[in-house]
Every structure is written in structure tokens, then in C-alpha cells.
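I opened my notebook to get to know a structure I had not seen before. Here is what I looked up, entry by entry.

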Amino acid sequence: MGVKLERVVKTYYDNLEAGKITGRKCLECGAVEWPPVLVCNTCGCADMEWIEMSGKGKLLQFVMPATITKKDEMKDIKPYVFGVVEVEEGPAVNAMVRGINKKNREEILAKLPVDVHMTIIPRDGYSTVIFDLDEE
Amino acid sequence: MNPINKTTLHPYSRSVSIIGVGCSPFMNTLDDPETAGLTEGELFGYAAYKAMEDAGIRPKDVDYFFHGEANPFYCSNYITPNIQVSEWFGMRGKGSIHHSEACCTGYLALEEAVNAVASGKYNVVLSGCVEFGDAIVDGTKPSFMRRKFDFFEFQESLKWIYDNTYTREMMCGPNIHQDDGAEWYKAKYGLTDEQMDDTLIHMAINSRRGAVLDPLAISKKTYEEIAKENGFDDVMEYMKSFYNPMMSGNLRASGLELKCDGAAACIVCPTEMVSEFTDKKGIEVLGIGNATREANQPHVEVIGTQEATRQVYELTGVKPEEIDILYANDFFITSQLIAAEIAGYLPEGEGWKYFIDGRTAFDGDKPINTNGGRCSFGHAHAASGMADIYEAVMQMRGECGARQVKKLPKTAFLRGFGGAQNLASIILRTAE
Ligand SMILES: [Zn+2]
């Protein structure tokens, strides 16, 4: 085995186009990297296998967009917040989360962590992953 | 949460001390006919030569120099900016290298110089940084013909410090970090939005009080004076008014950097050689801890600062209670609180009260950012960290005049931050 020169990024984005959200699991220690990278950051092993993510996660923290953080190019996904999400397989990321607005902010803050799930959304020429609050 | 890999530091092969510092005013050069048209060579050369004068040395005594600039390609149209300034301070032909770690550049500039001397390769090294954060080159005309770098163009250029594989595309990392420290702190210690707002406002007021006493700072008026000019007798009322709007989830305008132009430099040599050059006491660099955390990762500043700080305390054996003065690169002003608590300079979960009580101002018992930091001294991106090193050294020598802290600091802690993101924790101590 050992490190292989492979197109991790292209594979990830190609999989998104096919409706699949994928990560890479370390064959040595079992840690998952999502979004996927070349080598395991937990144990340093280069032997990784592709897995399909469950799509489930927990929102741990979030902040509302404001003057300098809301961007025109993100208008189409309003209303959103900037969140810290831990996904079921272990990794945590900073991620966009839909379903929270000024009205329910306090209520959601009091309930954290809350369940969220991954959603694939189209951008300009590629797709990316954001999260939506689970239905109650 | 996505724990980071840890490093154990080993002692330097020989002790290294700072023997000279220099700093230009932090300013918007184009706004003043006397400074409009200043160039990279003039600003860097001035700071570099001031540092040599301060150390009592001449350019021929310097073996090598490091050059830091956060965004040389866009702001100066240079790819190798160390070469383009190398003839401007009497060191023609000497070796040099350029580095950029964006807003952390000025702190890691000290790291580079110290390592070069500690290794034994050089005895006397200059490390300088320059940035035109407000006046950028035209691209078709000589370097003195510059134009304004407005906020929107600057914001647009900031995207280049973020990963273009996932981070920009997931849209959160570049936008959450303004608020991550404040949100993390509020949740951990149970602060309300209003308590955090009050804390950050007092931070800005405290910092500004030091800055107006520093002739190099870009800010010339206290918030009390600005409030009065706008018809407010109560400065807090002004700070919470539409004159000081909320710009992010937690940061008002007073909690954001004042980007500008500036340069700063220092000279280091082996501690055992300090007396060969200067009668002043050297400022020994006891250690520098380093960590990085990419912007898609949660709690970049908190987790990176924890690791860099753990490293430097473990190496040096210094205890938090020995720290007399602290600097935090605070382009988001919350960094003062985050860095000071992680360094153990302020008690965990209680630090916010020290800001509200004014204890972190230059004349308080826990001084932080006595030059005003990024929101009052100014932010000439690469040069800012070196300006903090300049200020720490001047405070430790007792040379700060009206803004001199009450008790002469013997040990200083500096927390570098920047570049989406590098974290550095530096401990300086006056050499005996
Ligand atoms: Zn592993």
C-alpha cells in the first residue's frame, strides 16, 4: 500500500454531482476525513478507503450573518447561519446551516446541540455541501 | 474536536536576544501630502535603519535579513520583495529571504531571525516587515504613484488566504472566524450577547487610551473625545449608537482593524554578544510556540493558541503568573480576551470583567496591547506583529513615556495570529 497520487478532490466533487457525499476512512486507525484529504491526520497512515457519509450531524455553535459576513454570492441560500457541525463519523467542520433566522435564534441556541443533515447544493459550475436543520 | 498534532520544542542551540527595534508611523500615507508617495524601500529602509541605530550598529554589522510582506504581489506588484528593497538601507548584496504568513508575518519574522542566529549560522540578523494596506501600486507607473486600496477591494483579496479546495466553496470558514472566539466564549462561560458587547466596547476604549499616547499610532483621538464631538456625554451611549454599528455577529466597527501602511524591524544577536553592540539590556527570546489550523476547522484561534501556548510554556518553564504584559494580534478585538485567558494572564472565564473594569489599559494592572493593537494602533498587515515586538521591547526598557505601564515589565507574552491561520506564542524576557 502506501501513498498514492490520486485525484481526491476531483473524485469528491464528481461524487457530489452524482448525488453522493463521500469521505475517506483510514484503514489503520479508522478515523474519517471529511471533506476528504490524502492522508489520515489522526495517525498519519496513507492507506485510506472511500466511504459514503451518512449525512447526519450535530450543530454545536452558530452565529448569524451580519454586514461584513453576508455575501451577495450566498443570497440564494438565505436564511443561513455560520455553524460548527460535528458529523456522525467524527470530523467537525465550519459549515453553512439553513433553517435558523432571527426569530428562532434564541430557541435554537437554548437547544444546542441540534440535529442537522447534509444537503448538496449547486454553485457556479460545481456542487458543494451545506447543512439543514432536521425537521422536528 | 479534530485534535491537532502536537510538537515538543527543544531549547535553542544558543540564546538569542533583541538588541534593536524600529517602527514607522502606522498611517494612511495617501491621506497626507507629506507621506503620499512613500514606497516599499523607504518604509522598510526607515524601520530597518532605525533598528540598526537603536542597536548601535551599522549595515555592515548585519549578516543577513528577513523580509515580511503579507500581500506583495497584489499591493506592491513584487514576487521577491526582499530583493526590491535590498538596496535601501545599506546592505547591498547581503543575503535575504522573503516570507508571508499574512497577518501573522510580523510575529514569525522574529521566529525566522532567532532561528538563524540560534543555529550558529549568523551572529547579527535583521528582520523587517512592510505593508501597504491602504496605498497600493498602480501597476503601470513608478512605485511612488499609488492608489487607495478600498475596503471592498481589500475584502475581495482576503479570499486568497483561504483554501480553494473546500473552505471557500463551503462558504463558512472565511465568515465564521470574525465571531468564533466570541461565540465560543459566550457558550463556554454563559455570557449574554450584551455582556460580550460591553466587554468588546471596553476593550476598544482601553486600547484607544494607549494608542493616543503613542505618536506612531494611526488613532489620534480617544473614544471619549469622539463621543463628545458627536454630541454624546456618555461614551458608552456613543459606542452603542449607530455611529459604531454592529459589523458581524459580535463585532462593532470599534472591534475591527484599522488597515493602513507601515513598517517595523528588529535586530537580534547571540545573548552573550549583546554588550559588544549596546549598553542597553538585551531582550531575550525565551521561546516561540507555533501551530496552524486551516479555516474550515472549528475554533481555529482557540485551539491553535492553546497548542502554541502549551509548547512555549513547556519549553521555557515560565509560569503564567510571571507574565507582566501581553500583546495579542487583534484584528478581531475579541483576540485580546481569547489570548489572555489561554496564556493564563487573565483567569479563565473571568477575564472579560478585567476589560470592563479598565484593568487591561496601559495604566491598569494587567496591561494588554499598550500601543492600541490593530483596532487603534493600526494594522499594516505584515508589519503589525513586528510593531508589537517593538512596543514590547520599548515597554520592557521603560522607554514608552506617557504610555509606560506602571510596573516595568520583565516578561512579555505575544500571541501572533493570521493567515487563515497561523498561531504563534512568544515569550520575551529582559536579559540579566
Ligand atoms: Zn489513521
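**Entry 1: where the chains meet**

I began with the contact between the two chains, keeping in mind that this is a predicted model. I found 22 residues of chain B in contact with 23 residues of chain A. Next I asked which elements give two or more residues to the side of chain B that touches chain A. They are helix 6 (167–170) and helix 7 of chain B. Helix 7 of chain B brings the largest share of that side, with 8 residues. I also sorted the residues on the side of chain B that touches chain A by class, and got 11 nonpolar, 8 polar and 3 charged.

**Entry 2: a barrel in chain A**

I turned to the strands of chain A and traced a closed barrel of 5 strands, in the order 4-5-6-8-7, with mixed pairing. From one strand to the next, I noted an average twist of 55°. I then picked out one pair: strand 5 (residues 80–87) and strand 6 (residues 92–98) of chain A run antiparallel and are joined by 7 bridges. Within chain A, I saw Glu86(A) standing opposite Ala92(A), which belongs to strand 6.

What packs on this sheet from chain B? I found helix 7 (residues 173–189) of chain B there, touching strand 4 (56–63), strand 5 and strand 6 of chain A. The direction of helix 7 of chain B makes about 80° with that of strand 4 of chain A. This is the helix I had already written down for giving 8 residues to the side of chain B that touches chain A.

**Entry 3: an open sheet in chain A**

I looked up another sheet in chain A, an open one, where 3 strands lie in the order 2-1-3 with antiparallel pairing. I wondered why one side of strand 2 (32–33) and of strand 3 (48–52) of chain A is left without a neighbour in the sheet. Both stand at the edges and each has a single partner strand, so one side of each stays unpaired. Strand 1 (residues 22–26) of chain A pairs with strand 2 of chain A over 2 bridges, in the antiparallel sense. In my notes for this pair, Lys25(A) is opposite Val32(A) in strand 2 of chain A.

**Entry 4: two domains in chain A**

I checked the domain assignment of chain A, which gives domain 1 (8–52) and domain 2 (56–133). Their centres, taken over C-alpha atoms, are 22 Å apart. I noted 10 residues from domain 1 and 9 residues from domain 2 of chain A in the contact. On the domain 1 side, helix 1 (8–17) and strand 2 of chain A each supply at least two residues. Helix 1 of chain A gives the largest share of that side, 3 residues. By class, I listed 6 nonpolar, 2 polar and 2 charged residues on the side of domain 1 that touches domain 2 of chain A.

**Entry 5: a helix pair in chain B**

Last, I followed helix 16 of chain B, which has 17 residues and reaches 26 Å from its first C-alpha to its last, close to the 24 Å expected. Is this helix mostly covered or mostly uncovered? I found it mostly covered, with 16 of its 17 residues buried. After helix 16 of chain B comes Gly398(B), with a positive phi near 75°.

Helix 4 (residues 105–118) of chain B packs against helix 16 (residues 381–397) of chain B at an angle of about 60°, and I noted their axes 5 Å apart. The contact of these two helices has 8 nonpolar, 5 polar and no charged residues.

How values were computed: Residues are numbered from 1 along each chain as its sequence is written. Chains are lettered from A and ligands numbered from 1 in the order in which they are written. This is a predicted model: local features need pLDDT of at least 70, side-chain atom pairs count only at pLDDT 80 or more; totals for chains, interfaces and linings use all residues. Axes are lines fitted to C-alpha atoms, for helices over the stretch in contact, and angles run from 0 to 180 degrees between N-to-C directions. Helices (H or I, at least four residues) and strands (E, at least two) are DSSP runs, numbered from the N terminus. Ala, Val, Leu, Ile, Met, Phe, Trp, Tyr, Cys and Pro count as nonpolar, Asp, Glu, Lys and Arg as charged, and the others, Gly among them, as polar. Two strands pair if DSSP finds at least two bridges between them. Two residues are in contact if their C-beta atoms, placed from the backbone, lie within 7 Å. Domain bounds come from an automatic or database domain assignment. The expected span of a helix is 1.5 Å times one less than its number of residues. A residue is buried if 20 or more other C-beta atoms lie within 10 Å of its own, exposed if 12 or fewer, and partly exposed in between; C-beta atoms are placed from the backbone.
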